[in-house]
Amino acid sequence: MSAETVQGLRRDAVGLREVLFQSVTAMAPAAAVAASIPSGAAFAGGSLPLSVLIALVACLFTASCVAELARELPAAGSVATYAAQGLHPAVGFLVGWGYVFVEALVPPLLLLQLGFTTAGTLHQEWSSYPESLWWPWALAGAAVIAAAGWFGVRASARFGTVLGVFEILVFLVFAVWLIGKAGSANSLSVFGTSHTGKDYSGLGGVFAGSVYTVLAFAGFEAAAPLAEETRDPRRTMHRAVLGAALGIGLFYVLTTYAMTVYFGPDRFAEFGASGAASWEGVARASFGLFWVLVFLAVVNSTIANANACATVSTRTAFALARIRVLPRVLATLHPRHRSPVVGIAVQTVVAVGAVLGLGLGYDPVTAFLLLATVIVTVVIAVYIVVNLACAGYFLRRRRELLKPLRHLLVPLLGIAAFVPALLTAAGLPVFDFVTELTTPVSYAGPVVGVWMAAGVVVLLVLLRRHPERIAETARVHLDETAAGGPPQNGAVQP
């Protein structure tokens with residue numbers, strides 16, 4: 001079917017439920033519980049629930065800033081628009097340049113995980129199935145995500161909602177089951193410092209665990225790029241971003257507590273993402289066929305997360321293409337579904353190329369670690385900039401709405417929370433618990449550097465030839481359409 005460039009994305013296509021689950025699935029709760037959060041166990045040991053609770057509070061600072069800006073600036077450009085309005089349009093362009101890049105890499109990251117998780121489990125059950133045959137599963141996942149995106153935000157958001165509900169329910173039921181089986185072993189001592197790893201005692205171990213756990217919260221802002229397709233976006237965006245961060249954060253606390261008291265807090269430093277001392281391992285050993293549901297929930301989580309982040313990348317690319325700082329063709333919308341079909345096609349090609357190129361060139365796990373390091377480094381840097389943008393926006397443009405606690409102190413705390421996570425993700429050994437990255441994962445830093453350097457070159461060219469396009473990164477198109485006139489909230493006109 002032919003596609004054409006139309007005026008805008010489909011208005012009022014989704015509501016709070018779908019937008020909330022856009023952020024929820026972007027956080028990949030099942031995959032985070034099973035794989036990401038256990039990485040902090042080596043440091044926090046049986047005090048990992050306290051680390052998760054600290055990480056939740058830390059992430060709520062940044063989620064609050066994103067929610068405040070999303071309410072004031074409902075735009076598909078999301079973090080790029082926030083940085084442009086709160087700091088400078090040039091900063092907004094660079095944030096958008098980096099954000100589109102890493103969000104386009106999240107689907108191949110998750111498709112790699114889908115591939116090696118499925119192939120590894122099938123090999124474990126039936127030894128005749130080769131672990132090396134992981135790529136057909138990844139390609140199948142890519143096809144599903146492309147189809148969901150093609151049929152528009154309504155289809156992809158509802159698809160994400162169904163997937164999100166399933167994975168959360170499976171792990172909630174399992175958590176309650178574990179708490180019940182733990183019986184007298186249930187204890188609030190796991191919210192103290194008495195069970196940390198032997199080499200990281202006390203608050204140091206808890207802090208180290210929380211730094212690694214913070215990474216499981218990435219994605220809470222994924223609702224924001226749907227602002228132009230959402231009913232009552234100012235109110236809905238605010239609720240969705242904060243609701244996802246708080247709700248999934250509490251889900252992380254509950255599930256981590258459940259496994260800690262069941263497995264044993266004094267030996268929890270041995271817990272990990274695979275083997276007998278893992279969520280799937282415990283389910284296999286103690287709960288019969290329930291492990292199948294745990295496995296399906298994790299697989300489900302990879303598809304849901306990839307779907308959500310494909311939506312984020314294509315909408316952000318659409319917003320930047322619409323103002324011609326990215327190729328205009330990326331703003332091409334399907335005439336019926338109003339989905340950015342060219343962006344979806346490009347996203348699919350990038351995903352398949354990265355999956356096969358890196359996965360077959362190295363191996364799927366190594367490719368996963370390389371992409372994860374690139375993504376987390378840029379996303380956390382974006383969070384830090386958004387915190388700054390929140391303070392800048394209310395100081396510079398909406399001084400009449402400025403609340404010092406919410407708009408100045410909270411952003412400062414958000415920055416303080418994410419700086420250690422940024423250093424850890426980049427493998428910079430500032431803290432004794434940070435491990436230097438090994439080859440080829442260490443290539444992540446140069447990859448990010450080259451991409452951002454290219455962005456600076458593009459920025460300089462645009463500032464010289466088309467400065468009005470950079471200025472338009474601050475435009476809030478939804479406000480302009482609603483008012484029938486120039487942009488509101490101080491947006492810069494071309």
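1. Threonine 25 counts as buried, because its relative accessibility is 1%, and the cut-off for buried is under 20%. This value, like the others in this note, comes from a predicted model.

2. Threonine 25 belongs to helix H1, which covers residues 16–26. Beyond its neighbours within four places in sequence, threonine 25 is in contact with Gly160, Gly164, Ala304, Asn305 and Ala308.

3. The surrounding helix is likewise mostly covered, with eight of the 11 residues of H1 buried. These buried residues are Glu18, Val19, Phe21, Gln22, Ser23, Val24, Thr25 and Ala26. Just after H1, the backbone at alanine 28 has a positive phi of about 50°.

4. A separate matter is the second largest pocket, which holds about 320 Å³ of space. The lining of this pocket is made up of 17 residues, and those closest to the pocket centre are Val100, Ala104, Leu330, Val346 and Val350.

5. Which elements give two or more residues to the lining of the second largest pocket? They are helix H6 (89–125), helix H12 (290–322) and helix H13 (341–361). Helix H6 gives the most, with six residues.

6. As to the chemical character of the second largest pocket, its lining has 12 nonpolar and five polar residues. Charged residues are absent from this lining.

Key:
Residues numbered from 1 in each chain as written. Predicted model: local features only at pLDDT ≥ 70, side-chain atom pairs only at ≥ 80, totals over all residues. Heavy atoms only, no water. 1 Å grid on protein atoms, 1.4 Å probe; cavity = no way out; pocket = protein on both sides within 12 Å on 5 of 7 lines; lining within 4 Å. Points joined across faces, edges and corners; volume = space filled by probe spheres on them. Helix = DSSP H or I, 4+ residues; strand = E, 2+ residues; numbered from the N terminus. Nonpolar A, V, L, I, M, F, W, Y, C, P; charged D, E, K, R; others polar. Buried < 20%, exposed > 50% of the residue type's maximum accessible area, 1.4 Å probe, protein only. Contact = heavy atoms within 4.5 Å.
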